[in-house]
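Here's a walk through a two-part question: what packs where, and which charged groups pair up? Have a look at the model first, then read on.

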Amino acid sequence: MRISVFGFLGDGGGSSPVDRYVEYLRRVRDEGFTRLWTAQLPHEPDLLTAVAVALREVDGIEVGTGVLPIQVQHPMQLAQRALTVNLISGGRLVLGLGLSHKVVAENTWGMSWERPVRRMSEFLDGLLPLLAGDKADATGEFTTTRGELRIPGAPTPPVYLAALGPQMLKLAGRRTAGTVTWMTGPRTVAEHVRPVLREAAGERPVEVVTALPICVTDDAAAARAQAASEYAIYGRLPSYRAMLDREGWAGPEDAALIGTESEVAERIEELREAGVDELVGSTFGSSEQRARSRALLLTCR
């Protein structure tokens, strides 16, 4: 199982968020991580622009977008940006895509949430050929993409989907490198995510990337209280609520990997045995707790 770490673009304060992101990428690279995943949140700077700068400045590590929402961009525009980043970085971009959530799509962007799986499928119809250097010719109900790009020397990035429900998992299995999950536990991976993904993939290799909060601490009660507060929104969003319910977890504080080194290592081993191909630790707590969490993650590779 590959072990990676998560970092928010908007973490910290004071200095430029892009400068902070470059510094964090360099730090985790120097600690020994080979991949950093980062989400595009609606209110933060453009993630791919920040990633381009960071990968130009820091070598020896990959960055995965976990994830970029598709509704606010066209497949050709995203392919242009992704291929440009991969040209800059020498092929160190991993492209995670998703649909965000109904509340964001409707209330923030003013877009319909109708038929999300169909919307993603049509987006891939245009995106995947362009990333591979081919011509796109896809007419869809939501998205139409026609044309080609000329970005010589740009490697094709692997594409993952934020797929949790069965239909999106089947789409990910048929057409992409796998799924990126959040708030999803070992039983759900073993009994739901991995079987649906693998059956849809057939002979194609696919991966389950699982991201979870992590806090190595001697005060588990305090960390659980912090997780319950800090991640409360994920207990209310329908897609994540469904994953918590499948696992039998009351809330995000149950999903979080919290405890001493040995206790957290035991939970990481459960994820490995469930078939997780890559664990992404989203550290929280004090700076000391975050450092202890990253150190433990490295020992579990």
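Helix H2 (residues 47–57) has Leu47, Leu48, Ala50, Val51, Ala52, Ala54 and Leu55 buried, where buried means under 20% relative accessible area, exposed over 50%, and partly exposed in between (1.4 Å probe, protein chains only). Those buried residues pack against H1, S2, strand S3 (62–69), helix H3 (75–89) and strand S4 (93–98). Helices (H or I, at least four residues) and strands (E, at least two) are DSSP runs, numbered from the N terminus. As a reminder, an α-helix has 3.6 residues a turn, so residues three or four places apart point the same way.

Some housekeeping: this is a predicted model, so local features need pLDDT of at least 70 and side-chain atom pairs count only at pLDDT 80 or more, while totals for chains, interfaces and linings use all residues. Numbering runs from 1 along each chain as its sequence is written, and side-chain values use heavy atoms, with hydrogens and water left out.

Now the overall split. The protein divides into domain 1 (1–160) and domain 2 (163–300), with bounds from an automatic or database domain assignment. Their centres, taken over C-alpha atoms, sit 21 Å apart. On the domain 1 side 28 residues are in contact with 28 of domain 2, contact meaning heavy atoms within 4.5 Å. Between them the domains bury about 2,500 Å², with 65% of that on carbon and sulfur atoms; buried area is the accessible area (1.4 Å probe) that two parts lose on being put together, summed over both. Within domain 1, Met1, His101 and Tyr160 lose the most area to domain 2, together 30% of what that side buries.

What about polar links across the interface? There are 13 residue pairs in polar contact between the domains (both at pLDDT 80 or more); that term covers a pair of N or O atoms within 3.5 Å where, within protein, one must be able to donate a hydrogen and the other to accept it, and residues adjacent in sequence count only if both atoms are side-chain atoms. On the domain 1 side that touches domain 2, the elements giving two or more residues include strand S1 (2–6), helix H1 (17–31) and helix H5 (116–131). H5 supplies the largest share, seven residues.

Next, salt bridges, defined as a side-chain nitrogen of Lys or Arg within 4 Å of a carboxyl oxygen of Asp or Glu. The count comes to 19, and three are between domain 1 and domain 2. Here are some of the pairs:

| Pair | Closest N to O distance |
|---|---|
| Arg294 and Glu31 | 2.8 Å |
| Glu62 and Arg2 | 3.4 Å |
| Asp137 and Arg146 | 3.9 Å |
| Asp277 and Arg194 | 2.9 Å |

Asp277 lies in the loop between helix H11 (261–274) and strand S11 (278–283) and Arg194 in helix H7, so this pair ties together parts that are 83 residues apart in sequence. Arg194 is buried at 18% relative accessible area, whereas Asp277, at 24%, is partly exposed. Asp137 and Arg146 are both exposed. Arg2, Arg35, Glu62 and Glu278 are linked in a salt-bridge network.

Finally, where does Thr184 lie? Thr184 is in the loop between strand S8 (178–182) and helix H7 (186–201), and counts as buried at 0% relative accessibility. A polar atom of the Thr184 side chain lies 3.1 Å from the backbone oxygen of Trp182.
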